[in-house]
Structure formats: C-alpha cells, structure tokens
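Open the model in your viewer and keep the sequence panel visible. The stops below give a selection and then what is found there.

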Amino acid sequence: MTQPARFPLPESLQTMRNYVDGQFVATGKTFDDVSPLDGCVLGQVHEADTALVDRAVQAARRALEGPWGRMGVQERARLLYRVADVIERRFDEFIAAEVADTGRPLAQARALDVYRGIANLRTFADLGKVAHGDSFETQLANGQELMNYTVRKPLGVIASICPWNLPLLSMTWKAGPALICGNTMVVKPSEETPASATLLAEAFDEAGVPPGVFNLVHGFGPGSAGEAMTRHPGVDAVTFTGESRTGAAIMKAVADGVKDISFELGGKNAAVVFADCDFEAAVEGIVKSSFTNSGQVCLCSERVYVERTIFERFVAALKARTEALKVGWPDEDGVFMGSLISHEHRDKVLSYYRLAVQEGATVVTGGGVPKFSDARDHGAFVQPTIWTGLPDTARCMREEVFGPVCHISPFDSEEEVIARVNDTDYGLAGCVWTTNLQRAHRVSRQFHTGIVWVNTWFSRDLRTPFGGSRLSGIGREGGRYSLDFYSETTNICLAL
C-alpha cells in the first residue's frame, strides 16, 4: 500500500543494511519489509548474497582467532552488559521495531520482548563468569596419581537463524550464551522481521564489540543467505529456531560436515484440565496459552483436554472469554491480539480453519477474518478460534497450525489423557491444571515433552533447560545447558 503505515519503523530503519566485520553493508538487491497490520511497506531490506555471507564467516573466523578469542570472560561479559545497556537506552526504538514488524500488542511487547532481550544478555554474561569445569583425582594401581580437569573452549563460528514470532528475544537468547563462551556469530533474522535485528547490530556496534564478533545478514532461506550460511564450510555449528521442515533441511545441509546443531522447532502442545482445577484460573490460562501473540508461539496449546464432568461448562466459559478478547491495533486500550505475521501465514491458518470444518469440527467461536472497515482490513488478522468434535487422528489435531486456535476434547481418566497427550510427533511443551499436587507430579512426569507447566504457562527461569524432542527439536537451551552447547569441553589429564 502507498499510504503511511500507522505503526512505522523508526526513521533510521527505512533502509536496513547488513552488518559485516563492523561495517553496515548495502547490496544490489533489496526486498520490502511489509506491515502485517495494514499491508504498508515499512522499509527496504538489503539482501545478502553468497559472497557477503562468505565475508561474514571470514570476519567471524578472524575475530575468533584474534581479539575476541584472546579476550577473557570478564571482558566479554562487560561488553555484553554494554550491549544490554544500549538496548535499554534505546528501549522505545526496539519496541517500535518489534511492533511494526510483528503486529503484536504494544503492552505485550513492552512487558516481554525487549525486557527479555536485555535479560538474556545480562543473565548469560553472569553465568559465563561463574561457569566452571570438573576435576577428578585418580590413583592408578602402580601408585601413580593423576589429576583430570576440564576446560571449556569456544565451539567456533556459529550460524544462527532466528524466527519471526519473537525476534529480539530469540536472537539474544542465542547470542548471549554463544558470545560469552567466546564464539563468534553470523546471524540471520527472518525476512519478515528484520528491524529489531538491525537495531541489535547497531547496539553491538555502539557498545564497542570488536568487528567480526557479531555479523548480521538479511535474506531468505533456500537460495539465499540462510542456505549459504548452513552450507558454508567455515561454519562450525548451526542453531535454528523455526519450522520442523526447515530444521530437517538444515540437518541434511550440515550432515556431511557433521556440524553441531541446536534446534528449537514446532509443537502441537497439549493442556490437560482436571475437574479439581481452579476453574477460573484454568480458563484464563488456556486463553493465554492458546491465543497469546495470535497463537504464534511454539509453546501455545492447540490441543486442550478437559475432564468430562466439567467439559460443557469449560467450553462455554472459554467461548465467552475468547469472544471478549479485543483484536485490533497494537496501541488500543485492552487489546489482546494483533495480526498474524503476514498474509502468507494468514492463508495457511485460514486453510486449517477450512480443513477443520471439512474434518467435522464444530466451530465454537471464530473461524474467520474480523472486519474493521479501516486500514486493518488490509492486514493479516484472523479471529481467535475454538473447535470441538474432532478425533485425535484428524490432521487439525496432528499438524501445527501456529495460529490463534485450540481444540477442546473431553477425557475420563488419567491413563486415557496421558496416552492422548503423548500421541503426537512433537514433544515440546504441555500444561496441567489441577489443585492436586500428587496428581500434578504424577501426570507431568509422564508427558513426553521438554517442559511441563502446572497451573501456569510461559513462565520461565533463564537458568532452566528449554527444548523438545522428535519434531520439536534437538538439544536444550538455557543456563548451563546453553553453555554446554556453545562450548567444546576438553579433559586435561596431568600426571602428578
């Protein structure tokens, strides 16, 4: 669209360049950054080609073998703190970039995205300073004494490919541990959300981080910067957050080089609501876990199982609460949901809305596109949607929609619901709502997922492990688990 966007990017981001070896680099090819709120063009993004990706990898290698590699952990931590300080000082610019690119409510972006970005850098800086190895004293049969101890070394040049749903949070979640461990990085944000990534590069530059430590390349996946990064022989490891099919393609690309990988992929997460739950808290919890960020969080609950004795009451209550949600501009009072990330993604979500009906679902509420009679009708909005009546074998019960939707099914016993929860190709997250502590522990430990929340959702301690299994990913991130991935551990055996 030609009219100005209601939520424009900061003026400095009208043109977004790559950041390589401490320099902002324009290229001969650009693409549009489009607002998901009203379809307006927000700015122009310079797409990196294979040659520029190679320059970024080479710069990262030089920094790894040069000043950054020789720098002590205390100095690296100091610089990460300075980056966090720059983000904090430019807080409103980062908020504007996140909201313009993602369409999410302003209040949610303020409460989560930028604060978590700052916390990620500071938390991992602190963890890196206190990380330690192991030591073992050994006495051989001949009386010889040995001392074994471990040391952490950088893994190398890290290729980091980040998602569009929580852009700044995801980038700093990877950059914090990777850099405190002494690695260098080439980062590619999603083509849908280039703005906060560009600001983050500015923050690294302003903080005085040496050239080549943090490199940013813009572009797409196959045939663009993403593929060039994963196939580059100078990359030592790849960390990726995104769709499971893309993760599988990256695995194939790095297989010949046997490179380390860390994947946080999709989910078809389940929430279980027992009859003894705090009913109002459970309803509110399912609203949040199904519809936050328009359902575009890998941790959202798309499958909800409710004990039969409260099933009809719960469906009615969730319907009423969902229909009361405000969908609209990010800065409207009380708004809970903004737009989806793009019209392309909206087409995908709407295809599942249609498929659910074809598969026999009852649409309790939603199932379409809201009408605003203003510029938002050019955006990528959909209605929050509740289904019932589908069998667990239906495609809409097995495939990740990644939109504001949940299906509610009744269940009769713990054994039954545990089996149904685990009948999936994914294994990322789950929720349990009950006031019975013994039941909470008994049920939670039987979920085949990386994380289980009890009577809450999305609560995180950055020191705890995060990740999934099967189609939901490989490895764990968070706290020392991130440090373990981004480090190469060497055992030194010393004869005494």
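Which residue in E5 is the bridge partner of Val34? Select Val34 together with strand E5: the partner is Val41. This is a predicted model.

**The sheet**

Widen the selection to E4 (30-34) and E5 (residues 41-46). The two strands run antiparallel and are joined by five bridges. Now add E1 (15-16). The three strands make an open sheet, ordered E1-E5-E4, with mixed pairing. E1 and E4 are the edge strands; each has a single partner strand, so one side of each is left without a neighbour in the sheet.

**A helix pair**

Next, select H4 (residues 91-102) and H5 (residues 106-130). Their axes come within 10 Å and cross at roughly 120°. An angle between 115 and 145 degrees counts as oblique, and H4 and H5 are therefore oblique to each other. Their crossing is right-handed. To see where they meet, show side chains for Phe91, Asp92, Phe94, Ile95, Glu98 and Val99 in H4. On the H5 side, show Leu106, Ala109, Arg110, Asp113, Val114, Tyr115 and Ile118.

**The nonpolar cores**

Move to Val273 and Phe314, the residues with the most contacts inside the largest nonpolar core, which has 106 residues. Centre on Val273 and leave aside its neighbours within four places in sequence: its contacts include Ala282, Ile286, Val304, Tyr305 and Val306. Also in contact with Val273 are Glu307, Ile310, Phe314, Phe411 and Trp433. For the last stop, select Leu340, Ala361, Trp387 and Val432, which are among the 28 residues of another core, lying apart from the largest one.

Terms used: Residues numbered from 1 in each chain as written. Predicted model: local features only at pLDDT ≥ 70, side-chain atom pairs only at ≥ 80, totals over all residues. Heavy atoms only, no water. Pairing = 2+ DSSP bridges. Helix = DSSP H or I, 4+ residues; strand = E, 2+ residues; numbered from the N terminus. Core = buried A, V, L, I, M, F, W, Y, C linked by side-chain atoms within 4.5 Å. Buried < 20%, exposed > 50% of the residue type's maximum accessible area, 1.4 Å probe, protein only. Contact = heavy atoms within 4.5 Å. Axes fitted to C-alpha atoms, helices over the stretch in contact; angles between N-to-C directions. Parallel < 35°, antiparallel > 145°, perpendicular 65-115°, else oblique. Left-handed = near helix turned anticlockwise from the far one by under 90°.
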